[in-house]
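Colleague: Could you take me through one part of this model closely? I would like to look at the nonpolar core, with its setting in the chain.

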Amino acid sequence: MNILALIGSPRKNGNTVAVVDALLSGAKDAGHETDSIMVYDKNILPCIDCRRCQRGPFACGFHDDMGMLYEKISGADVLVIGTPLYWYGASAPMKTCIDRFRPYVSSRELEGKGAIVIVPSEEGPSACDPLMHMFRLSFQYLGVQLLDSLLIKAYDRDDARQSPGILERAYALGAEL
Ligand SMILES: Cc1cc2nc3c(=O)[nH]c(=O)nc-3n(C[C@H](O)[C@H](O)[C@H](O)COP(=O)(O)O)c2cc1C
């Protein structure tokens with residue numbers, strides 16, 4: 001399978017990256033193809049609700065880095081969405097990226113794909129309820145199956161690496177795909 005991770009943290013060596021990398025290395029060791037994108041490094045314009053993508057051929061009118069992402073998302077069987085919890089939601093670049101999933105409402109191209117959500121936060125899993133509610137509703141709307149989630153209590157850059165068992169859990173989840 002092709003596993004594509006979208007990482008919505010600005011920290012190159014932070015908690016989201018550590019956990020996503022562990023999951024991808026488990027998936028790779030199990031024979032899957034893996035790829036990851038740092039969303040903060042990409043030029044992704046905010047959706048302006050022009051509704052062009054709601055008419056065939058369901059293409060977004062913008063020509064930015066999302067074009068490359070649409071191609072990678074098309075080729076993926078499983079999307080790993082990793083974002084730090086920012087004010088009980090996704091980081092702004094990750095939210096902007098998700099808003100640009102709008103073509104998939106009409107194209108139905110995400111139907112049948114799987115998703116795994118990874119969220120580190122200072123407060124821990126229960127603080128992620130509103131964000132997970134958003135993901136559940138949005139995936140349901142798009143026909144994506146939420147396979148699993150890893151909601152991790154982590155604040156400082158190395159917390160996830162230093163918390164016993166977290167990277168092992170992520171690796172195992174990737175290896176089981
Ligand atoms: C702008 C901002 C907003 C945040 N909001 C929350 C929050 O609402 N709840 C929480 O538990 N942690 C919050 N945090 C803490 C981060 O989720 C936490 O430090 C996380 O581990 C960062 O992940 P990273 O290392 O992958 O960047 C916030 C951090 C920032 C910078």
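Modeller: Start with the frame. This is a predicted model. The chain holds seven helices and five strands. Read from the N terminus, the order is β-α-β-α-β-α-α-β-α-β-α-α.

Now the core. The largest nonpolar core has 46 residues. Within this core, I3, V19, V20, L23, V80 and A170 touch the most other members. Two or more residues each come from β1 (2-7), α1, β3 (78-82), α3 (92-99), β4, α5 (129-142), β5 (145-153) and α7 (166-175). The largest share is that of α1, with eight residues.

Take V80 as a way in. Leaving aside residues up to four places away in sequence, V80 touches I3 and A5, then V20 and L23, and also I116 and I118.

Burial across the chain comes next. Of the 177 residues, 37% are buried. Contacts also reach far along the sequence: among those between residues at least 6 apart, 77% join residues at least 24 apart. The overall dimensions fit a compact globule, because 177 residues would then give a radius of gyration near 16 Å, and the chain has 16 Å. The C-alpha trace spans about 50 × 35 × 25 Å along its principal axes.

Last, the ligand. Its shell counts 18 residues, and G14, T16, P84, S121 and E123 come nearest. Two elements, α1 (15-29) and β4 (114-121), each give two or more residues to this shell. Both elements also give two or more residues to the core. By class, the shell has nine nonpolar, five polar and four charged residues.

Notes. Residues numbered from 1 in each chain as written. Predicted model: local features only at pLDDT ≥ 70, side-chain atom pairs only at ≥ 80, totals over all residues. Near = placed C-beta within 6 Å. Helix = DSSP H or I, 4+ residues; strand = E, 2+ residues; numbered from the N terminus. Nonpolar A, V, L, I, M, F, W, Y, C, P; charged D, E, K, R; others polar. Core = buried A, V, L, I, M, F, W, Y, C linked by C-beta atoms within 7 Å. Buried ≥ 20, exposed ≤ 12 C-beta atoms within 10 Å, placed from the backbone. Contact = placed C-beta atoms within 7 Å. Rg over C-alpha atoms; globule rule 2.2 N^0.38 Å.
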